[in-house]
Amino acid sequence: MTDDAGDDRHRFSEGAGFDDPYDEFDLDPPELDVDPGKVDPVDSRAIADLLDERQLTNEDIEAEEVLDVGLNYMQINRFEQATETFERAARFTEDDRLAQEAWTNKGVAHAELEEWDEAIGAYREALNIVEQTEIETTEDETSNTRSASEHAATAESNLAFALWEYGETAQALEHAERAVERDPRFGEGWYNRAFFLQERGLSDEALRCIDNAIRLGMRSSQVLEEKARILEDLGEHEEAERVADEAEERREEAEQQLIDDQQETRLDE
């Protein structure tokens with residue numbers, strides 16, 4: 001891993017850095033409703049206490065409910081508790097799809113803590129479930145395979161990121177490639193693969209990958225900045241400048257939209 005990679009963290013995706021977050025992190029705040037007469041509903045400590053009460057040991061507890069607790073911990077940045085909760089959810093359930101989602105989310109929680117070794121282990125657990133299911137599934141059970149593989153591309157891409165941070169750059173590129181093999185329409189996977197290729201000086205291939213990401217709808221300022229960087233390295237200075245200008249326009253639009261949303265929220269209050 002190059003020394004300056006840490007300075008370019010914004011250039012590649014950690015798994016939830018784009019306009020369309022993964023569904024498992026689109027949390028519904030009403031799940032955490034509390035009695036405003038007893039506690040301040042925005043008091044994260046009170047919310048954490050409520051979640052702790054839901055950390056049940058009852059054997060009848062539903063694994064999906066435990067998974068929801070973990071997701072709620074993620075929402076209030078209690079990542080250590082989230083890792084423990086996701087692991088419990090994974091071990092409670094006999095549903096391969098749910099177990100894979102739990103292990104993947106456990107990896108994300110470890111990544112938030114910069115515990116890269118643990119994150120790598122969790123992502124590998126998720127992918128092991130997919131591989132085992134693919135081995136055991138017959139031709140008549142293909143729908144089950146698809147269900148168990150639902151988060152496989154995400155796990156591969158997140159594993160690539162964790163390996164990169166851990167200094168395993170060759171393995172990172174390998175898993176970035178596997179992510180788009182599992183789901184060729186996974187735009188974030190193409191973007192991450194472009195980043196890893198560019199970091200290794202493979203600009204021609206990186207440009208092809210970033211263009212695939214853009215064709216799949218990823219046209220944020222972050223993606224366009226990476227394309228401009230690739231074009232510069234290829235000597236396409238005029239095109240790089242044009243793309244960089246578009247990236248700046250999109251950033252300004254996003255900032256203005258954020259300001260407008262904040263003003264609208266204040267008016268609604």
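This passage describes helix packing, annotated repeats and selected residues in a predicted model.

The packing of helix 2 against helix 4 was examined first. Two packed helices are described by the angle between their axes and the distance between the axes. Helix 2 spans residues 63-75 and helix 4 spans residues 96-112; the two pack at an angle of about 20°, and their axes lie 11 Å apart. Helix 2 is therefore roughly parallel to helix 4, since angles under 35 degrees count as roughly parallel. The crossing of helix 2 past helix 4 is left-handed. On the side of helix 2, the contact is formed by A63, E64, L67, L71 and M74, while helix 4 contributes L98, E101, A102, N105, V108, A109 and E112. By residue class, this contact between helix 2 and helix 4 comprises eight nonpolar residues, one polar residue and three charged residues.

The annotated repeats provide a second view of the chain. An unreviewed UniProt entry lists "repeat: TPR" at residues 63-96, 100-133 and 153-186. Across residues 63-96, helix accounts for 82% of the chain and strand for 0%, and the C-alpha atoms at the two ends are separated by 12 Å. For residues 153-186, the helix content is 82% and the strand content 0%, with the end C-alpha atoms 7 Å apart.

Two loop residues were notable for their backbone geometry. Most residues other than glycine have a negative phi. In N77, by contrast, phi is positive, near 65°, although the residue is not a glycine. N77 is located in the loop that links helix 2 and helix 3. The relative accessible area of N77 is 55%, and N77 is therefore classed as exposed, the cut-off for this class being over 50%. A positive phi, of about 60°, is also found in E114, which is likewise not a glycine. E114 belongs to the loop between helix 4 and helix 5, the latter covering residues 116-136. With a relative accessible area of 52%, E114 is exposed.

A further residue, R91, was considered within a helix. R91 lies in helix 3, which runs over residues 79-92. This arginine is exposed, its relative accessible area being 57%. R91 and W103 are separated by 12 residues in sequence, and the distance between their C-alpha atoms is 9.5 Å.

Note on methods. Residues are numbered from 1 along each chain as its sequence is written. This is a predicted model: local features need pLDDT of at least 70, side-chain atom pairs count only at pLDDT 80 or more; totals for chains, interfaces and linings use all residues. Side-chain values use heavy atoms; hydrogens and water are left out. Axes are lines fitted to C-alpha atoms, for helices over the stretch in contact, and angles run from 0 to 180 degrees between N-to-C directions. Helices (H or I, at least four residues) and strands (E, at least two) are DSSP runs, numbered from the N terminus. Angles under 35 degrees count as roughly parallel, over 145 as roughly antiparallel, 65 to 115 as roughly perpendicular and the rest as oblique. A crossing is left-handed if the near helix is turned anticlockwise from the far one by less than a right angle, and right-handed if clockwise. Contact means heavy atoms within 4.5 Å. Ala, Val, Leu, Ile, Met, Phe, Trp, Tyr, Cys and Pro count as nonpolar, Asp, Glu, Lys and Arg as charged, and the others, Gly among them, as polar. UniProt positions are given in the numbering used here, feature names are shortened, and annotations may be inferred rather than shown by experiment. Buried means under 20% relative accessible area, exposed over 50%, partly exposed in between (1.4 Å probe, protein chains only).
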